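This report covers one structure: annotated positions, two of their residues, the strands around them and the surroundings of a ligand. The sequence and model come first.

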Amino acid sequence: MPAYQRILLKLSGEALMGDDAFGINRATIVRIVDEIAEVTRLGVQVAIVIGGGNIFRGVAGGSVGMDRATADYMGMLATVMNSLALADTMNKAGLVARVMSAIGIEQVVEPYVRPKALQYLEEGKVVVFAAGTGNPFFTTDTAAALRGAEIGAEMVLKATKVDGVYTADPNKDPSATRYTTISFDEAMVKNLQVMDATAFALCRDQKLPVKVFSIFKPGALRNVVMGADEGTLVHV
Ligand SMILES: Nc1ncnc2c1ncn2[C@@H]1O[C@H](COP(=O)(O)OP(=O)(O)OP(=O)(O)O)[C@@H](O)[C@H]1O
Ligand SMILES: O=c1ccn([C@@H]2O[C@H](COP(=O)(O)O)[C@@H](O)[C@H]2O)c(=O)[nH]1
């Protein structure tokens, strides 16, 4: 029996690159979709937010002199591309996926309408929320927290390049150790950068727990959904 009926899965955009330098690696996206299909077969309702770091981040554009808001809109469009690729792969794997965008782009995908999203989830469709929150100066972590709260998800599952929350960035500090659990307040006070502070604060206020786990570890998503010991639980 799965531990959750409805989840919000946040997928790292950067992880989609696989071993490539840029973009979407086919084998990687197919593998991720196989794992998503497995949890839907358990009867879990799955909504997804995917990042855009494999294509564009607003902060990168800003750092080379672009207007930051314009760069952020480019970043949001990058998440639309990833969402389309993900939904296409899911549809080909036999799932029924719908993409809903936070910015108006109706010729490409339908707009985000909360009751429609809830209807899709109840019908067993996988809903991919594209274009983040629709606002510059935010990230897809915050979009995951926002949409997770809106749809009444029981947990935000952050599938990322590291296998949990560490005392410091494990990619920079090899002596960092992993937490099994940590409170939102402690993660924010210690300024742990695995998820942005706006997302942590929203999840804390909405009492929406977050699990951080590795997108690369086969079976990790299923383990989290089954309530097994996997990654780091961030709690109120
Ligand atoms: N204390 C920490 N614990 C774990 N990871 C940390 C920590 N501090 C920084 N990080 C870094 O945070 C990264 C994950 O955050 P990031 O926002 O880049 O997520 P992402 O899932 O890759 O998102 P995107 O969709 O934007 O590609 C990890 O790869 C890790 O290097
Ligand atoms: O609500 C949002 C979400 C995202 N953006 C921009 O998109 C990129 C890609 O998202 P990541 O979370 O970094 O993967 C982000 O860097 C922002 O530039 C946004 O503006 N608003």
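## Annotated binding site

An unreviewed UniProt entry places the feature "binding site" at Lys10, Leu11, Ser12, Gly13, Gly53, Arg57, Thr160, Tyr166 and Asp169. These positions span 160 residues in sequence, and their farthest two C-alpha atoms are 23.5 Å apart, so they do not all gather at one spot. The coordinates behind this and everything below are those of a predicted model.

## Ser12 and Thr160

Two of the annotated positions, Ser12 and Thr160, are described here in turn. Ser12 is found in the loop between β1 and α1. With 21 other C-beta atoms within 10 Å, Ser12 is buried, because the cut-off for that class is 20 or more. Leaving out residues up to four places away in sequence, Ser12 touches Gly51, Gly53, Ala159, Thr160, Lys161 and Ile215. Among these contacts, Gly53 and Thr160 also appear in the UniProt annotation.

Thr160 belongs to strand β6. Thr160 has 23 other C-beta atoms within 10 Å and is therefore buried. Its contacts, again not counting residues up to four places away in sequence, are Ser12, Ala15, Val212 and Ile215. Ile215 is thus listed as a contact of Ser12 and of Thr160.

## Strand β1 and its partners

Strand β1 covers residues 6-11, and five of its six residues are buried, which leaves the strand mostly covered. β1 runs parallel to strand β2 (residues 45-50), and six bridges join the two. Within this pairing, Arg6 stands opposite Gln45 in β2. The connection involves helix α1 (residues 26-41): β1, α1 and β2 make a right-handed β-α-β unit.

β1 is also joined to strand β6 (residues 155-160), by five bridges, and this pair runs parallel as well. Here Lys10 stands opposite Lys158 in β6. Lys10 is one of the positions in the UniProt annotation.

In a regular strand, side chains alternate between the two faces of the sheet.

## Surroundings of ligand 2

How many residues surround ligand 2? The shell holds 22 residues, and the closest are Gly51, Gly58, Asp72, Gly75 and Gly132. Of these, Gly51 is also a contact of Ser12.

Helices α2 (58-63), α3 (68-92) and α5 (140-150) each supply at least two residues of the shell. The most come from α3, which gives five. By class, the shell around ligand 2 consists of six nonpolar, 13 polar and three charged residues.

Key
Residues numbered from 1 in each chain as written. Chains lettered and ligands numbered in written order. Predicted model: local features only at pLDDT ≥ 70, side-chain atom pairs only at ≥ 80, totals over all residues. Buried ≥ 20, exposed ≤ 12 C-beta atoms within 10 Å, placed from the backbone. Helix = DSSP H or I, 4+ residues; strand = E, 2+ residues; numbered from the N terminus. Pairing = 2+ DSSP bridges. Right-handed = clockwise from strand over helix to strand, strands pointing away. Near = placed C-beta within 6 Å. Nonpolar A, V, L, I, M, F, W, Y, C, P; charged D, E, K, R; others polar. UniProt positions renumbered as here; feature names shortened; annotations may be inferred. Contact = placed C-beta atoms within 7 Å.
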